[in-house]
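Please show the structure to be discussed. A learner and a teacher will then read its features together.

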Amino acid sequence: MSSIDNAHRDHYGMIRTSIQAGEERWASLRRRIRLIMLLHASESAGIAPIGILQLHLLAYLSNVLSPVWELRPLDGKVMKRRGGPFYPVLQHDLDKLISQGLVLITNLGYKKDNDNRWRLDGDFYLNHNFADPIIRQYRNYEDGYYLATFIDELAYAFSALSEEDLQYIASEDATYADQLTAFGNVVDFGEWRTLNYSANVANYFEHLLPSGTLPTLGEKLHLYARHLYRRLYETRSR
Amino acid sequence: MINIPVLTSLDITDYGLFPGNQDNPGMHVLFTPGLTLVLGANGLGKTTLITILYRMLTGPSDIPALAWNFPLGSASLRAATISSIQRSIFSQRVVDGAKNASARLIAKFGDHSVVIERRLRDLQLIDFQIDEVKQSPGEEIFQQKVSELVGVWSFGDWILLLRHIVFYFEDRRALVWDPTAQRQLLRFLFLPIEVARRWTEEERDILELDSQMRNLRAVVYKETRSVAAADSKAESAQDTLAEMRELDERQAADVAQREELDEGFADLESKRQTARHRMLNAEQERESRYRKLEHARLMAIEARFPDRSESARYILAQLMTSSECLFCGSKVPTIAAELESRISARKCLICGSDLAEVTTDSDSAGFADSQVSEYIAALQAIEAELVEARHALREAEAEYNNLIQKGAELDKAIAERTARLEELAKRLPPEEAERLKRHEELVILRRRVEAMQADLDTKRGAFKEFLQEVNRSLIAKAQDIQNAFNLYAKGFLFDDCDLTWLPRSERLGQSGEMIEFPAFQVDLGGSNFPSPVRRLGPQQVSESQREFIDLAFRMALMEVATASGVGTLVIDAPESSLDAVFSKRAAEVLMLFAQREKGNRLIVTSNLSEGGLIPDLIKLGVSTQDDERRIIDLFSIAEPTRATKEMETEYKTALYNITKHVGSNKQDESESDK
């Protein structure tokens, strides 16, 4: 039987072969695990329930700063929007998690954003009855534990910023805010290109510390968060 | 900042094509702020008049690639003297060879007043004054002084500016879709002179080296084949030579194939970039429409739902929006329809109980219901686009990856074969000294190609970095250009139209890494597209849109780039492709540029063809007080043609039908009287 015989339609009604469907299934699973980790980390960092844009921002930061921890980004590109990073495919996975009872939503609403597009609004948090076994299982794996530690540190680093600050922080991020990419174009830092200014800046902090001291990987994330906050503050006070 | 000439007046004397009349011989035109209209019939010389204006400013020089309407690409941007046949373009049109004919143009370049007078016979400069000071004769001085007045470093840039900003000839090429021309314009319009110069010089240096390297590679290719042929005739060392011959032949074929791949690489890169952008844009738009529909659904549910659980309501809204059970992933249109019918029948969504008694917010529910079918259609349209976009991206990526893989395989094979050939050449016996020498020379040639390639790579790397800085400085202007473009484009187009800053990756020469050149691209909506789509070429938009998008772009560039914000736009026959509705909008946009208080000069020619543009321009831009100055009537100035003599009545009627609109915009006229 050919793979075409096994074809079925995906969420968008697109015909996919069994191989493509299998790839997409694993990709979706990886995204859902990332979402659970981000939600878990946001809880540990005291910023849960987390707003939808803040969640997508953290997802973006977990991609763009992943090279600092020598990890590959889950998604190396994002469409540059005025309202900050937003991944429609990731949102669909979040919808699935809600339907599966793993994630709960509160303050549900709908908004037209700065790009004149509709989006969901709401705050998300984990339903621990269902989510905890998944988190425990994933953390049992060495690489899963390492990734979870990265996400935790990332959430801690950015939890110092207020909800409002978090909304605007992308406008200061070295990669997202790069003027060479206009709104409506693709910010590519890890899909077809490897030019990642954010990770470069975070890594550069090791040159700025007094000689003999090297920042830990976690400290680099904290220093980068502080750097973005300082830039945001300077922009606002101008 | 640069200065675009503001044309003030033109006098043409003793030229047979424009004899004028007894009271007023020759042609004398005053270009006042606002519109000047040149009306005539075929053969009366409206294009000649425009060409005279152009040649007054360029003299007998042009950029050869532009004059022949070749794409700029890697062409030289140096101004060169045109041929004697081109120089005699005006003399050929009259029986006396224009022996005494001359034209005198007065223009403002910023704060400076410039007089240029030329013989029409051969374009020779008769008089050249700046601020009433006579300049030394000769084209060299003219070119140098004009470049200084404009603020460009080379006369070639001045010609580019005239061709792509000021003059909109009948055989025009759209600047907005010509990335190679566009980047040159952005270069000299917005960069300091020294940076603009460095760009041109480094670019030319790389292109010349690339050309030399390719020529040398062609020599190596030929020599390789020739050596292989000679080897086949050798009588000694047959085994070694046989292998070398075979390797040489395969090497030549692979090198040729590698070059072919290189040439296709830029297109494929651009294709996959566009496909990815389209897909991500469709994803965002699909998300927006999905949430809009979901919102409408949720409002309908909320009004009838006894339970206040937000997650439960959300899940149901999702199921009804996508017909998909998010829990198990199954498509369940029948359940979605059942839920829909329960809503219509005012029943509980979960148990089906009658909710007629339950108080609901009937206004919001009714509103949401009425919107739903419209939103469903919008969602279906974007989902179809998303399917298509994903498919296109997958294909583009596969094609690109295939090319990269093939290229890598060929590079590896070529490198291994080169090493093997060198090794085999060393094994040739002493009696094959001559043959050995040829092989050694071939090795030296190959090494020279490699060295040139390395030199090119270094130069390209430095140029790439230089351009990155250039892009950063240009982007500061991008928003101003986009704003000005929006003002003009949105007045003309019905569809959403955005000018997007999108540096374009291209190769400089025919090999080497991709370099990002500054560029704008146009995203335009349309009845077949649910959201604005990137239009990569003029063939992707209608003819009327094409011309006016380009005009909007030129006007925007002129407005932002000039020190005074004032300039001249000369358009030869703009009306050909416009329908009645677009004509009115086009006239309004053109007159937005030509508002008298702005100081811009808009010169438009027309041959009385059908259409509403010229009448609409007259309504908006010509009043009864200034019609004689603003309308250049070639029927009374130019030498009549046989057609205009024999069909005089018809032409007079056609002219009357157009000029009768003078002063018909009363409001405007009364304002201008104040």
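The dialogue below takes up an interface, a helix and two single residues.

Q: What kind of model is this, and how are its parts numbered?
A: It is a predicted model, in which local features need pLDDT of at least 70 and side-chain atom pairs count only at pLDDT 80 or more, while totals for chains, interfaces and linings use all residues. Residues are numbered from 1 along each chain as its sequence is written, chains are lettered from A and ligands numbered from 1 in the order in which they are written, and side-chain values use heavy atoms, with hydrogens and water left out.

Q: How much area do chain A and chain B bury between them?
A: The size of an interface is often given as the accessible area lost when the parts come together. Buried area is that loss, found with a 1.4 Å probe and summed over both parts. Here chain A and chain B bury about 4,400 Å², and 57% of it lies on carbon and sulfur atoms. In terms of contact (heavy atoms within 4.5 Å), 44 residues of chain A meet 46 residues of chain B.

Q: How many salt bridges does the rule find across the interface of chain A and chain B?
A: A salt bridge is a side-chain nitrogen of Lys or Arg within 4 Å of a carboxyl oxygen of Asp or Glu. The rule finds 6 salt bridges across this interface. The side chains of A:R117 and B:E285 form a salt bridge at 2.8 Å, N to O.

Q: Which helix of chain A gives the most to the side that touches chain B?
A: Helices are DSSP runs of H or I with at least four residues, strands are runs of E with at least two, and both are numbered from the N terminus. Helix 3 of chain A gives the most to that side, with 8 residues.

Q: Is A:P73 buried or exposed?
A: Buried means under 20% relative accessible area, exposed over 50%, and partly exposed in between (1.4 Å probe, protein chains only). A:P73 is partly exposed because its relative accessible area is 25%. A:P73 sits in the loop between helix 2 (52-64) and strand 4 of chain A. Not counting residues up to four places away in sequence, A:P73 touches A:N63, A:S66, A:F189 and A:G190.

Q: Where is B:R183 placed, and is B:R183 buried or exposed?
A: B:R183 belongs to helix 6 (residues 179-190) of chain B. With a relative accessible area of 4%, B:R183 is buried. Leaving aside neighbours within four places in sequence, B:R183 is in contact with residues including B:W199, B:E203 and B:F517.

How values were computed: Buried area is the accessible area (1.4 Å probe) that two parts lose on being put together, summed over both.
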